[in-house]
Amino acid sequence: MLKHTGGHSGVLTSRTPLYGSQHTVIPREQAQQWLPEVLEQDWSKEPMTAFAAVMMCRKTGDRLSDISDDYREQVLAKLKSSRAPEGWYSLVTDVKELSESESKRVFGDALPHGLSLIS
């Protein structure tokens, strides 16, 4: 059972490494085992659960790592019905970098004053 217990569910479920190589992320098969339960949750009441689903289904550009199209479509439909931020929708449909606000959501709190993420 996957249960949100704090601010870092995006880190746990991310399918694109925040740092390091691709082999450091959870396997596609594990994410696909979690998705049915995540899809049953009320995302409008639990937005971090929606964000965890986004991170699980985030498009990587690697067909062996990406979640199946069936799950991707289910997550997209639920994001739309839950009125999730448009940026989350595009993370599932396109290979793209996280915005500053999305990065803060993944890492939890904002970075200490004077530090910033660079590409």
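**Exercise 1. Work out how helices H2 and H3 are arranged in this predicted model.**

Step 1. Find the two helices: H2 covers residues 28–40, and H3 covers residues 47–57.

Step 2. Look at their axes, which come within 11 Å and cross at roughly 150°.

Step 3. Name the arrangement. Angles over 145 degrees count as roughly antiparallel, so H2 and H3 are roughly antiparallel to each other.

Step 4. Add the handedness: the crossing in which H2 passes H3 is left-handed.

**Exercise 2. Describe the aromatic pair of the structure and say where its two residues lie.**

Step 1. There is one aromatic pair to look for. Its partners are Phe 51 and Trp 88, whose ring centres are 5.1 Å apart.

Step 2. Recall what such a description needs: the distance of the centres and the angle of the planes.

Step 3. Classify the pair. The planes of Phe 51 and Trp 88 stand at 55°, so the pair is tilted. The cut-offs explain this, because stacked needs under 30 degrees and edge-to-face needs over 60.

Step 4. Place the partners along the chain. Phe 51 belongs to helix H3, while Trp 88 belongs to helix H5 (residues 86–93). With their positions 37 residues apart, the pair links distant parts of the chain.

Step 5. Check the surroundings: both Phe 51 and Trp 88 are buried.

**Exercise 3. Find the salt bridge and judge how exposed its partners are.**

Step 1. The structure has one salt bridge, and it joins Lys 45 to Asp 42.

Step 2. Note the distance: the closest N and O atoms are 4.0 Å apart.

Step 3. Compare the partners with the cut-offs. Lys 45 has 65% relative accessibility and therefore counts as exposed, since exposed means over 50%. Asp 42, with a relative accessible area of 37%, is partly exposed.

**Exercise 4. Explain what stands out about the backbone at Arg 83.**

Step 1. Locate Arg 83 in the loop between helix H4 (69–81) and H5.

Step 2. Read its phi, a positive value of about 55°, although Arg 83 is not a glycine.

Step 3. Set this against the usual case: most residues other than glycine have a negative phi.

Step 4. Finish with accessibility: Arg 83 is exposed, its relative accessible area being 78%.

**Exercise 5. Summarise the whole chain.**

Step 1. Count the elements: six helices and zero strands.

Step 2. Write the pattern along the sequence, α-α-α-α-α-α.

Step 3. Add the buried share, which is 39% of the 119 residues.

Terms used:
Residues numbered from 1 in each chain as written. Predicted model: local features only at pLDDT ≥ 70, side-chain atom pairs only at ≥ 80, totals over all residues. Heavy atoms only, no water. Salt bridge = Lys/Arg side-chain N within 4 Å of Asp/Glu carboxyl O. Buried < 20%, exposed > 50% of the residue type's maximum accessible area, 1.4 Å probe, protein only. Phe/Tyr/Trp six-rings, centres within 6.5 Å; stacked < 30°, edge-to-face > 60°. Helix = DSSP H or I, 4+ residues; strand = E, 2+ residues; numbered from the N terminus. Axes fitted to C-alpha atoms, helices over the stretch in contact; angles between N-to-C directions. Parallel < 35°, antiparallel > 145°, perpendicular 65-115°, else oblique. Left-handed = near helix turned anticlockwise from the far one by under 90°.
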